[in-house]
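Student: Please take a close, careful look at the salt bridges in this structure. I would like to know how accessible the partners are to solvent as well as how they pair.

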Amino acid sequence: MKDHLLSAADLSRDDAILVLDTSAEMAQLTEGRSVKKLPTLRGRAVVNLFFEDSTRTRTSFELAAKRLSADVVNFSAKGSSVSKGESLKDTALTLEAMGADCVVVRHWASGAPHRLAYSGWIRSSVVNAGDGTHEHPTQAILDAYTLRKHLGSVDGRRITIVGDVLHSRVARSNVLLLATLGAEVTLVAPPTLLPVGVEHWPCQTSYDLDSVLVKADAVMMLRVQRERMNAAFFPSAREYSRRYGLDARRFALLPDDAVVLHPGPMNRGMEITAEVADSDRSVIVEQVTNGVYVRMAVLYLLLAGGRE
Ligand code: NCD
């Protein structure tokens, strides 16, 4: 792997398989153990630099780093000097001066992690934990890990991603990684929620959810990101749910062994009904568990693997 993980496109097929295999090893080393800690990153410092809200991603990076015995500092923009107007550069220089080995960054601006990684402000590894509407590579890895566990392999599988693709960094990273791993990805969304240039992405697109679901090995529902919407992208929430929501009727169209994913946080009743979200073919809670193993693997490969 390279020094940073900024985009799912940074991962070759071999890299992706290495991260997935390493994640499985992390799971094996910690699952069912009373002491879940490994000494691997003792003495290393991981900084979680979050300029945007997060529940799952921040806590799972924190837990992952702690399970590898690294020191962890959680830095959120609220409650720091960023709210006093400090720039990304000055924040970065401060972290560098404190000796951070890895900076995990979430930022509302697309491209902020790249700036951090290649500006020369810091020497540490940078992991993108979600930048604007751009990418969220560790989410894509944990999704691929979860799919691999349930489907055996991602190669040749039909994966459907549904909803607010326009504002979703999860969708972009997933399309890139799943294509690298040989999956056939179809995006389903209203035309207003597909980004310009989507025809150049390594996937297909459709506006007809029912016809895609009958052939899907897995379906990933995306959150409707109202906080990033400054205009009307669909007539009403009801209309959106009717055409693009996953309810019991649509769920019944899926092949029997297909699984349902959602990166969270969910708008229950909007893109997915509670009944489907809580069904036994929903792997949404398991995605969160797997997120810890995947982030352990990423931190390990960046900070210990190959450098020692
Ligand atoms: C996603 C994110 O923040 O991009 N959540 C996550 O990291 N699990 C998806 C979302 O906010 O809808």
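Tutor: Relative accessible area sorts each residue into one of three classes: buried is under 20%, exposed is over 50%, and partly exposed lies in between (1.4 Å probe, protein chains only). The model is predicted, and its local features need pLDDT of at least 70, side-chain atom pairs count only at pLDDT 80 or more, and totals for chains, interfaces and linings use all residues. Residues are numbered from 1 along each chain as its sequence is written, and side-chain values use heavy atoms, with hydrogens and water left out.

Side chains of opposite charge can pair when their charged atoms come close. Across the whole structure, 16 salt bridges are found, each being a side-chain nitrogen of Lys or Arg within 4 Å of a carboxyl oxygen of Asp or Glu.

One of them pairs Arg148 with Asp21, and here the closest N and O atoms are 3.0 Å apart. This pair links distant parts of the chain, with Arg148 in helix α5 (residues 137–151) and Asp21 in helix α1 (residues 13–30), 127 residues apart; helices are DSSP runs (H or I, at least four residues) numbered from the N terminus. Arg148 has a relative accessible area of 26%, so this residue counts as partly exposed, and Asp21, at 35%, is also classed as partly exposed.

The salt bridge between Glu227 and Arg223 brings N and O atoms to 2.8 Å at their closest. Its two partners fall into opposite classes, because Glu227 is exposed at 52% relative accessibility, whereas Arg223 is buried at 17%.

Glu239 and Arg242 form a further salt bridge, with an N to O distance of 3.5 Å. Both residues belong to helix α8 (residues 237–244), where they are 3 residues apart, about one turn of the helix. Glu239 is partly exposed, at a relative accessible area of 27%, while Arg242, at 56%, counts as exposed. Elsewhere, Glu52, Arg169 and Arg228 are joined into one network by salt bridges that share partners.

Taken together, these examples show several arrangements: Arg148 and Asp21 connect helix α5 with helix α1, Glu239 and Arg242 sit within the one helix α8, and the network brings Glu52, Arg169 and Arg228 together through shared partners.

Note on methods. Helix = DSSP H or I, 4+ residues; strand = E, 2+ residues; numbered from the N terminus.
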